[in-house]
Amino acid sequence: MWDRLWVNVHLATDARGTGQPGGDDFGIILNGAIAAHGGRIAWVGSQADLPGAPEALAREVTSCDGRWMTPGLVDPHTHLVFGGDRSAEFAERLQGVSYQDIACRGGGILSTVRATRAASEEELLHLTLKRARRLVANGVTTVEIKSGYGLTLEDELKQLRVARAVSRHVPLRVHTTFLGAHALPPEFTGRQGDYVAHLCETMLPAVAEAGLADSVDAFCETIAFQPAEVERIFEAARRWNLPLRLHADQMSDLGGGHLAARWGALSADHVEYASEASVRAMAESGTVAMLLPGAFYFVREHQQPPVALFREHGVPMGLATDCNPGTSPILTPTAVMNMACTLFRLTPGEALAGHTHIAAKALGLDALTGRLRPGMAADMALWDMSGPHELSYWIGGLVPQTRIFGGMPDRN
Ligand code: NIG
Ligand code: FE
């Protein structure tokens, strides 16, 4: 007897896009059925092929009235733990002040650092859970959460503990990332090398020993950390066997995509300015190109990520909300999919793949989640829609009717 069985449901089991019109393949099974047992997918197929009457096969049978089941969405790049907001800075940027200018005068990331340091762990958890619950309502079953607004050992640990605590309160799989190299903390002004040394020798080992990070990230940019500094950080991370990812080539081409690939990083994120050499290197290393259209939209970037080159060289393109207070205040993956299609010309199949199994690959979790396949986690979302293209269609996104995490439907 299976735990649960969903019938009268259309399935989009495995999204793939070629970038060609009509080239999308969603792994569709019309009039399907899907079963969960022990938190995993036990059976997927056409309802007509079920090995018996539904009631004889599962303890609980749900009729979905012809709705669509997809894999649960994966959000592989967020900065969910932060205090304050940056709406005043947004208003300034609309008057023409650049993100870089605001950062250079001590605003931007550093203003969120001040608010995050001032917030208690309890307050931060409260704020983060509100955001996590919105992701859940929008169909997310796995999320990555970065630190990077603490920038002292204590404050980074505080952020990471909050990130870890999320899954004790909300049914969500959380992957945590140490992003101590997000900005230079004010205490180290004029001593960037000293901060990098402190990060490598003290902060990273303490974070790793506490078991609070599942991966390590850095912001490689003219206004943040230079490639040579990132390499020192990656070397330290490697000593602790921590997987790598990188904020790369967001505002300029520092060869971040190439650097990420050389170090076997799971993903290089943003990548608007990535060169063809970076794209080739990423193809060779299997590094995911993590596209973040929310940030592109919100900072009114003009440089398009090299989508045609990613396709040509077979670099998998992932999608994430990049939810953060400065460049991407968004918690709706389907809206991100819509932006990826309208702004970057991804196809709806590429967009769904980007927010499911490719996103999972960027977290090292693609054997576990991101597809509807027997043996994988029963992480799913049920949508009232005409077909999987519609997921990328609505401006502002589509909300699922139900989400299922580890075989358990949410109580709406
Ligand atoms: O992913 N690029 C750096 N990090 C964030 C922005 C963080 C912030 O502005 O607070 C990003 O866009
Ligand atoms: Fe980011």
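These are my notebook entries on what I looked up in this structure.

**Entry 1: the model and its domains**

I noted before anything else that this is a predicted model. I then looked up how the chain is divided. The assignment gives domain 1, made of 2-71 + 371-409, and domain 2, made of 73-361. I checked how far apart they sit, and their centres, taken over C-alpha atoms, are separated by 30 Å.

Next I asked how many residues of each domain take part in the contact between them. I found 28 residues of domain 1 in contact with 26 residues of domain 2. On the domain 1 side, the elements that give two or more residues are β4 (58-71) and β14 (402-405). I sorted that side by class too, and got 14 nonpolar, eight polar and six charged residues.

I also looked at the UniProt record. Its unreviewed entry has the annotation "domain: Amidohydrolase-related" over residues 69-412. For that stretch I wrote down 42% helix and 15% strand. The C-alpha atoms at its two ends are 17 Å apart.

**Entry 2: the sheet**

I wanted the strand order, so I traced one sheet across. It is an open sheet of seven strands, and I read the order as β3-β2-β1-β4-β13-β14-β15, with mixed pairing. Which strands stand at the edges? They are β3 (40-46) and β15 (408-409). Each has a single partner strand, so one side of each has no neighbour in the sheet.

I reminded myself that strands of a sheet pair through backbone hydrogen bonds, either parallel or antiparallel. Then I went through some of the pairs here.

- β1 (residues 2-12) runs parallel to β4, and eight bridges join the two. I picked out R4, whose bridge partner in β4 is E60.
- β4 and β13 (residues 380-383) run antiparallel, joined by four bridges. Here I found T70 bridged to A381 of β13, and M69 bridged to L382 of β13.
- β2 (residues 28-37) and β3 are antiparallel, with six bridges. In this pair A36 has I41 of β3 as its bridge partner.

I stayed with β2 and β3 a bit longer, as they form a hairpin. Two residues lie between the strands, and G38 takes a positive phi near 60°.

**Entry 3: the annotated binding site**

Back to UniProt. The unreviewed entry places the feature "binding site" at H77, H79, H247 and D322. I wondered why these residues can be said to gather at one spot. They span 246 residues in sequence, but no two of their C-alpha atoms are more than 12.2 Å apart, so they do come together at one spot.

I looked at two of them in detail, starting with H79. I found H79 in the loop between β5 (73-75) and α2 (87-94). Is H79 buried or exposed? I count H79 as buried because it has 27 C-beta neighbours inside 10 Å, and the cut-off for buried is 20 or more. Leaving out residues up to four places away in sequence, H79 touches K146, G148, Y149, C323 and N324.

H247 was next, and I found it in strand β9 (residues 245-248). H247 is buried as well, with 31 other C-beta atoms within 10 Å. With the nearby sequence positions set aside again, I listed D217, A218, F219, C220, E221, D269 and H270 as the residues that H247 touches.

**Entry 4: around ligand 1**

I then counted the residues around ligand 1 and got 14. The closest are I109, A295, N324, G326 and T327. By class, the shell divides into four nonpolar, nine polar and one charged. I noticed that N324 is on this list and is also one of the residues that H79 touches.

**Entry 5: one glycine in a loop**

Last, I looked up G364. It lies in the loop between α15 (357-361) and β13. G364 counts as partly exposed because it has 13 C-beta neighbours inside 10 Å, while exposed would need 12 or fewer.

What does G364 contact, apart from its neighbours within four places in sequence? I found P243 and L266. I also compared its place with that of G108. The two are 256 residues apart along the chain, and their C-alpha atoms are separated by 31 Å.

Conventions: Residues numbered from 1 in each chain as written. Chains lettered and ligands numbered in written order. Predicted model: local features only at pLDDT ≥ 70, side-chain atom pairs only at ≥ 80, totals over all residues. Near = placed C-beta within 6 Å. Nonpolar A, V, L, I, M, F, W, Y, C, P; charged D, E, K, R; others polar. Domains from an automatic or database assignment. Contact = placed C-beta atoms within 7 Å. UniProt positions renumbered as here; feature names shortened; annotations may be inferred. Pairing = 2+ DSSP bridges.
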